[in-house]
Amino acid sequence: MNEHALFIVFFALVGGALRVSTPFMFVALGECLTEKSGRVNLGLEGTLVLGAMTGYAVSYQSGSPWLGVVAAGCSGSVLGAMHGYICKLPRVNDIAVGIAMMLFGTGVAFFFGKPYIQPSAPQLGSFSLGTWTGNHEIAAALQINPLLIVGIIVALIMAWAFADTKWGLIVRMTGDSAASARAMGVSVDLVRFLCTTIGGFLAGVGGAFLSLYYPGAWNQGLSSGQGLMAVALVIFARWSPIRCVVAALLFGAAGAIGPALQSVGITQGYYFFNAAPYILTLFIMIGSARSKQAVRDVPGELSITK
Amino acid sequence: MAEITQTLPAVTAVQTWGDLSVRIRRSAEYIVIPGLAIAVSGVIFSIFLLALGKSPLDFFDLVERGGFGTAFSIENTLVTSSPLILTALCVALPARIGLVIIGGEGALVLGGFASAAIAIPLVAGQEPVVLTLSVMAATAVVVGGFWIGIVGYLRHARGVNETISSLLMTYIGIAIMNFFVEGALRDLTNPNKPSTKPIGDAYMVGDIPGTEVHWGLVVGVVLAIVLYILLSRTTFGFAVRVSGGNPRAALAQGLPVGKLIVICCAIAGACAGLAGFFEVAAIQGRANASLAAGYGYTGILISFLARHNPVAIIPVAILFGGIVASGSLIERRMGLPDATVLVLQGLTFVVLLISETLYGRFKIFQGTKSTERT
């Protein structure tokens with residue numbers, strides 16, 4: 001591999017990280033909020049798929065991709081609200097409900113999404129961070145979608161809210177000790193319900209990015225585990241919104257390895273590189289599950305790390 | 001202490017009519033509530049169909065005809081149920097030791113692929129059929145067991161959440177199969193769909209005499225019964241149930257919890273791997289992307305409906321086998337997408353989990369001696 005090829009691969013990785021990371025980011029932020037309140041929503045994979053379908057369908061029907069993004073968020077919050085409501089019933093396990101919501105969300109998305117596999121819907125626009133270089137390979141690689149910026153802003157707001165606001169304190173308290181929250185007169189179920197609903201909204205928006213920008217079409221194999229990986233990522237990011245963004249960018253780069261190598265003619269092991277993000281997630285989970293910092297930062301009420 | 005000595009005789013004195021009645025009432029709860037959940041999801045699904053302007057009566061009529069109506073459709077249902085029993089066992093066994101494993105699909109795909117791959121040199125060398133099939137089945141069992149065994153090991157040794165890791169392993173497994181099927185092991189004479197070389201008709205697993213149902217069904221049913229006995233009638237099963245109920249108490253008793261977890265996961269993965277073997281050796285004849293047909297995911301629902309009881313899995317798997325098998329008929333006759341069955345399954349799963357909250361709420365199931373249960 002010569003220098004020029006390395007250069008292309010590098011920018012393809014950076015560009016890939018910027019492109020591929022956005023859905024991870026939204027799902028991870030949504031899950032981060034839900035887990036901060038002390039509940040796990042494994043169903044965000046289903047939410048992501050349903051969001052992708054809804055966003056695509058609404059964009060196709062209305063002609064406005066941004067309306068699609070909002071609709072995707074709403075469909076996600078419906079699934080989140082279902083999860084949040086069911087989990088407050090006694091003797092119901094949030095992990096199992098998550099699996100059920102994953103299957104339910106995917107099923108509903110495939111059911112209603114069938115007519116939208118063929119037609120092409122209006123897509124979200126983008127702008128480039130690389131035009132100043134004058135090199136159009138770089139300019140093409142550094143295309144940025146506004147949703148990436150939105151995601152980063154949401155992460156900053158969440159980080160600020162957790163640290164400095166009353167609402168953030170209530171969410172953290174509910175997640176760390178339901179008993180103290182009750183003693184303070186906070187309705188634990190309500191807080192968790194709202195956090196799961198908002199988390200679902202964010203995951204739905206992440207889904208709209210998949211179908212409306214990159215890869216930019218609706219089909220049944222669209223997500224293939226990205227929602228699940230994002231959930232795993234939250235443990236790695238130790239429940240910090242900022243670290244969720246960083247981890248999402250890292251994942252985006254991992255996901256871009258296959259296409260990046262292919263762009264310089266290395267096609268061997270394409271399927272292996274497709275598996276790279278999953279393998280990376282697994283190793284990250286192995287490394288982070290029992291690390292000292294994770295044990296320190298984990299919300300006390302969470303069932304996922306016990 | 002006095003209290004304990006007083007209540008003990010009542011607990012140990014079995015076979016009186018009162019105890020039997022309590023036992024029956026309690027078991028009835030485990031049948032009635034999931035049954036209710038299925039009925040309620042049927043009603044909600046009917047409303048869903050009505051809202052779409054389709055007739056629910058047509059739907060259930062087609063499920064009845066496509067899944068259970070004729071001898072042919074019953075055979076078709078049983079063929080579909082056979083992998084479902086095995087993938088449901090892949091969920092049930094770890095569940096009894098407290099693990100939620102949802103990666104049966106991956107073990108099925110990889111087990112099926114490995115058996116197809118090992119068959120290539122054996123078929124080329126014209127080895128005896130029985131030997132070839134035995135080696136294929138053993139490979140599927142080992143690969144499937146290893147695959148889910150890793151998940152159990154990571155759970156115990158590293159504290160990695162088994163639900164997430166098992167599903168990740170599924171995606172990795174499918175990617176591994178695609179890597180070989182579209183690359184080194186691709187059958188170049190078959191341009192349509194990337195597949196491994198077919199094992200050939202002579203090497204296929206036959207049908208149970210007098211039917212068109214392959215032997216996988218018998219293997220599934222026998223395995224379910226064996227695992228039931230293993231769980232309920234052996235010291236191993238007792239140790240598993242204790243570890244599942246309270247891992248700390250089990251450790252304090254000196255039970256090798258970690259070993260038990262890995263063994264349970266390995267047996268579970270072996271079941272799913274066998275399902276893959278039968279899909280290859282009795283249905284497809286080769287390994288390709290059709291192996292990932294979602295049997296692993298339906299198996300999760302079946303195991304939860306059966307409350308992770310291996311014997312109860314058999315009837316539930318046959319019910320859902322019928323629903324899955326009638327899917328294409330429903331698709332053709334009613335103009336509904338093939339995902340209709342997925343919606344029904346997802347809905348049933350959600351309603352089933354809501355119904356968990358009903359346990360212990362009905363006096364009729366409690367009997368006189370029962371106290372608060374959790």
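Q: Before we get to the chain contact, what puts two residues in contact here?
A: Their C-beta atoms, placed from the backbone, lie within 7 Å. The model is predicted, so to speak for local features pLDDT must be at least 70, side-chain atom pairs count only at pLDDT 80 or more, and totals for chains, interfaces and linings use all residues. Residues are numbered from 1 along each chain as its sequence is written, with chains lettered from A and ligands numbered from 1 in the order in which they are written.

Q: OK, how many residues does each chain put into the contact?
A: Chain B gives 37 residues and chain A gives 38.

Q: Which helix gives the most on the chain B side?
A: Helix 7 of chain B, with eleven residues. Helices here are DSSP runs of H or I, at least four residues, numbered from the N terminus.

Q: Switching to the core, how many residues has the largest nonpolar one?
A: 220, and Ala28(A), Leu233(A), Cys244(A), Leu89(B) and Ile313(B) have the most contacts inside it. A nonpolar core joins buried Ala, Val, Leu, Ile, Met, Phe, Trp, Tyr and Cys residues through C-beta atoms within 7 Å; buried means 20 or more other C-beta atoms within 10 Å of a residue's own.

Q: And which helix gives the most to that core?
A: Helix 11 of chain B, residues 257–284, with 19 residues. 24 of its 28 residues are buried, so helix 11 of chain B is largely enclosed by the rest of the structure.

Q: What comes after helix 11 of chain B?
A: Gly285(B), with a positive phi near 80°.

Q: How covered is helix 13 of chain B?
A: Mostly: 13 of its 16 residues are buried.

Terms used: A residue is buried if 20 or more other C-beta atoms lie within 10 Å of its own, exposed if 12 or fewer, and partly exposed in between; C-beta atoms are placed from the backbone. Helices (H or I, at least four residues) and strands (E, at least two) are DSSP runs, numbered from the N terminus.
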